[in-house]
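Dear colleague,

I am handing over the structure that we spoke about, and it follows directly below. After it I have set out what was found around the bound molecules, and I would be glad if you read the text with the structure open beside you.

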Amino acid sequence: MTIKVHERLLLTGAAGGLGKALRDRLKANCTVLRLSDRADFGDAVAGEEMVLADLADADAVGAMVKGVDAIVHLGGVSVEGPFEPILQANILGVFNLYEAARKHAVKRVIFASSNHVTGFYRQSETITADHPPRPDGMYGVSKAFGEDLSRLYFDRYGIETACIRIGSSFPEPRDRRMLATWLSYDDLHRLITACLTTPVLGHSIVFGMSDNAVTWWDNSRARHIGYVPQDSSDVFRDAVYARTQPPDLTDPVAIYQGGGFVKAGPFGF
Ligand code: NAI
Ligand code: 15L
């Protein structure tokens, strides 16, 4: 069930993979959906507004946030790579977003965090939101920063945030690792809807995954959100096994939950 509790909802990162997947789905959650990204990505249609903004530009972010009731924040660098763009989009950008939320009295934010906040736990471990962060690169560090910053803005200013540590949200799992980390687009929308509608969100960390049989994450600390996944990677298992090789168990890619991210980026392993 989708409950429309917000008049005007902001979706950042609207031109990205998940932004495109959520654009139509999130219309059910609001009267007006404000879409934002840094570069032009076409025209708004009925029920939409468009505000272009680079997250590193505080004034532009202020204009983007002004007048909305809640924010689904997907915008930013989404992979491991050079630090400067990560710094601008994911660290300065998330600060600009929360400052704007504070100034414009936005009370709830859904923050697209990542499983790479905890990427250096092993694939043989099951972790909860209480396990300390173990980022697997500067991208993971930037998402951990967003989680901590949002906690500060909750403790000081009462802005509620759900930090969704998204696993792998694509149309299908692409490899054996993603059988554990996969999150369908419909389940992502279900999870965001639950975060937007639960009466008391507080500051919460939740792992963004479908109902996969193999999992490394325990969402029992997030029961108050009321997320019930309805999809599973299991239906793709046979096909994924058929087209992929067994893992090299001495390779960090197969040892750690972060997979290839643990070796990616300019710093090496
Ligand atoms: P994406 O890379 O396709 O989209 C990100 C969007 O952010 C792009 O449209 C880009 O133009 C925009 N952006 C980047 N820097 C910006 C800046 N400085 N100012 C304004 N906009 C900027 O990523 P995707 O897959 O759609 O992911 C969305 C969010 O979810 C990201 O924050 C990503 O870190 C997070 N996430 C996604 C996962 C997935 O499986 N797709 C897994 C874990 C986290
Ligand atoms: C992420 O954080 C990335 O944004 C996404 O592109 C995927 O690679 C995902 O993690 C993953 O771990 O599979």
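**Ligand 2 and its contacts**

A polar side-chain atom of H116 is placed 2.7 Å from an oxygen atom of ligand 2. Please keep in mind, here and in everything below, that this is a predicted model. Two serines make contacts of a similar description: a polar side-chain atom of S168 lies 2.6 Å from an oxygen atom of ligand 2, and for S114 the corresponding distance from a polar side-chain atom to an oxygen atom of the ligand is 2.8 Å. On its own, ligand 2 would expose 320 Å², of which the protein buries 82%.

The surroundings of ligand 2 consist of S78, S114, N115, H116, Y139, G167, S168, F170, R177, M178 and F261. Sorted by class, this shell contains 4 nonpolar, 6 polar and 1 charged residues. As for its location, ligand 2 sits in the largest pocket.

**Ligand 1 and its contacts**

Where, then, does ligand 1 sit? Ligand 1, too, is found in the largest pocket. There are 26 residues around ligand 1, and those that come nearest are L18, D37, S78, Y139 and S169. Of these, S78 and Y139 also appear in the list of residues around ligand 2, which may be a useful place to begin when you look at the two ligands together.

Three polar contacts of ligand 1 can be described in detail. A polar side-chain atom of S78 lies 2.7 Å from an oxygen atom of ligand 1, while D54 brings a polar side-chain atom to 3.0 Å from a nitrogen atom of the ligand. The contact with G16 involves the backbone instead, with a polar backbone atom of that residue 3.1 Å from an oxygen atom of ligand 1. The accessible area that ligand 1 has on its own is 820 Å², and the protein covers 86% of it.

In terms of secondary structure, the elements α1 (17-25), β5 (108-114) and α4 (138-157) each supply at least two residues of the shell around ligand 1. Which of the elements gives the most to this shell? It is β5, with 3 residues. By class, the shell around ligand 1 divides into 11 nonpolar, 11 polar and 4 charged residues.

With kind regards

Note on methods
Residues numbered from 1 in each chain as written. Chains lettered and ligands numbered in written order. Predicted model: local features only at pLDDT ≥ 70, side-chain atom pairs only at ≥ 80, totals over all residues. Heavy atoms only, no water. Near = heavy atom within 4 Å. Polar contact = N/O pair within 3.5 Å; in protein donor to acceptor, adjacent residues only side chain to side chain. Areas by Shrake-Rupley, 256 points an atom, 1.4 Å probe, with all protein chains shown as cover. 1 Å grid on protein atoms, 1.4 Å probe; cavity = no way out; pocket = protein on both sides within 12 Å on 5 of 7 lines; lining within 4 Å. Sits in = over half its atoms within 2 Å of the grid points. Helix = DSSP H or I, 4+ residues; strand = E, 2+ residues; numbered from the N terminus. Nonpolar A, V, L, I, M, F, W, Y, C, P; charged D, E, K, R; others polar.
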